[in-house]
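The following exercises are to be worked with the sequence and the coordinates at hand. Each task is followed by a solution in steps.

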Amino acid sequence: MIYTYKVDGLVYELTVSSSNSIYLAIIGGASSTYQPEYDPFDWDYMPCVTADIGNTRYPITVLRTALRRVVHWIGRTRPPMFSFSAETEKRRKIYRRVARNLAQKFPYQLVEDGSVFYFYRRKLSTEVQ
């Protein structure tokens with residue numbers, strides 16, 4: 001899944017990889033925080049910035065828009081597992097709160113390993129005793 005949206009002149013991309021890892025990055029727009037590094041030898045490389053997302057003028061809007069799309073994706077696809085990671089300590093605190101909220105909302109077991117948050121689908125008991 002790839003979802004692109006715009007907030008305050010910056011273009012964000014929310015991506016879910018084939019291994020169900022979730023990434024949020026700035027891929028374009030006009031801002032001093034968007035300073036991608038280009039590789040002149042890699043023509044297929046799409047420059048993006050993942051470290052400066054929290055430095056935008058509307059970080060709550062950026063996060064809420066991404067979170068709504070993630071919740072929709074989880075509800076629609078019901079993946080067996082998924083993960084996302086935080087690059088900074090400040091972002092880790094926010095992501096930890098988001099992760100706990102997702103674990104309460106959906107039947108997933110949350111495991112935090114360093115800066116990575118893993119979600120594993122819980123088996124629901126269908127036996128009636």
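**Exercise 1.** Determine whether phenylalanine 119 is buried or exposed, and identify its partners.

Solution. Step 1: the relative accessibility of phenylalanine 119 is 0%, so this residue counts as buried (buried: under 20% relative accessible area; exposed: over 50%; partly exposed: in between; 1.4 Å probe, protein chains only). The model is a predicted one, in which local features need pLDDT of at least 70 and side-chain atom pairs count only at pLDDT 80 or more, while totals for chains, interfaces and linings use all residues. Residues are numbered from 1 along each chain as its sequence is written, and side-chain values use heavy atoms, with hydrogens and water left out.

Step 2: phenylalanine 119 of E6 is the bridge partner of phenylalanine 82. Helices (H or I, at least four residues) and strands (E, at least two) are DSSP runs, numbered from the N terminus.

Step 3: the search of the whole structure gives nine aromatic pairs. Phenylalanine 82 and phenylalanine 119 form one that is stacked, with 4.4 Å centre to centre and 10° between the planes. Because phenylalanine 82 lies in strand E4 and phenylalanine 119 in strand E6, the pair ties together parts that are 37 residues apart in sequence. Rings of Phe, Tyr and Trp (its six-membered ring) pair if their centres lie within 6.5 Å; planes under 30 degrees apart count as stacked, over 60 as edge-to-face and the rest as tilted.

Step 4: phenylalanine 82 is likewise buried, at a relative accessible area of 1%. Both rings belong to a cluster linked by ring pairs, together with Trp73, Phe84, Tyr95, Tyr108 and Phe117.

**Exercise 2.** Establish how strand E6 is paired with E4 and with E5.

Solution. Step 1: strands E4 (residues 81-85) and E6 (residues 116-121) are antiparallel, with five bridges. Two strands pair if DSSP finds at least two bridges between them.

Step 2: E6 also runs antiparallel to strand E5 (residues 108-113), to which six bridges join it. One residue of this pairing is tyrosine 108, whose bridge partner in E6 is arginine 121.

Step 3: a hairpin is formed by E5 and E6, with two residues between them. In its turn, glycine 114 has a positive phi of about 65°.

**Exercise 3.** Describe the surroundings of arginine 122, which has its place in the segment after E6.

Solution. Step 1: with a relative accessible area of 40%, arginine 122 is partly exposed.

Step 2: leaving aside neighbours within four places in sequence, arginine 122 is in contact (heavy atoms within 4.5 Å) with Ala103, Pro107, Tyr108 and Gln109. The side chain of arginine 122 reaches the backbone oxygen of tyrosine 108 at 3.0 Å.

Step 3: proline 80 is 42 residues from arginine 122 in sequence, and their C-alpha atoms are 8.6 Å apart.

**Exercise 4.** Which residues other than glycine have a positive phi, among them aspartate 8 and arginine 78, and where do these two lie?

Solution. Step 1: phi of aspartate 8 is near 55°. Aspartate 8 occupies the loop between strand E1 (2-7) and strand E2 (10-16) and is partly exposed, at 37% relative accessibility.

Step 2: phi of arginine 78 is near 45°. Arginine 78 belongs to the loop between helix H1 (59-77) and E4 and is partly exposed, with a relative accessible area of 43%.

How values were computed:
Polar contact = N/O pair within 3.5 Å; in protein donor to acceptor, adjacent residues only side chain to side chain.
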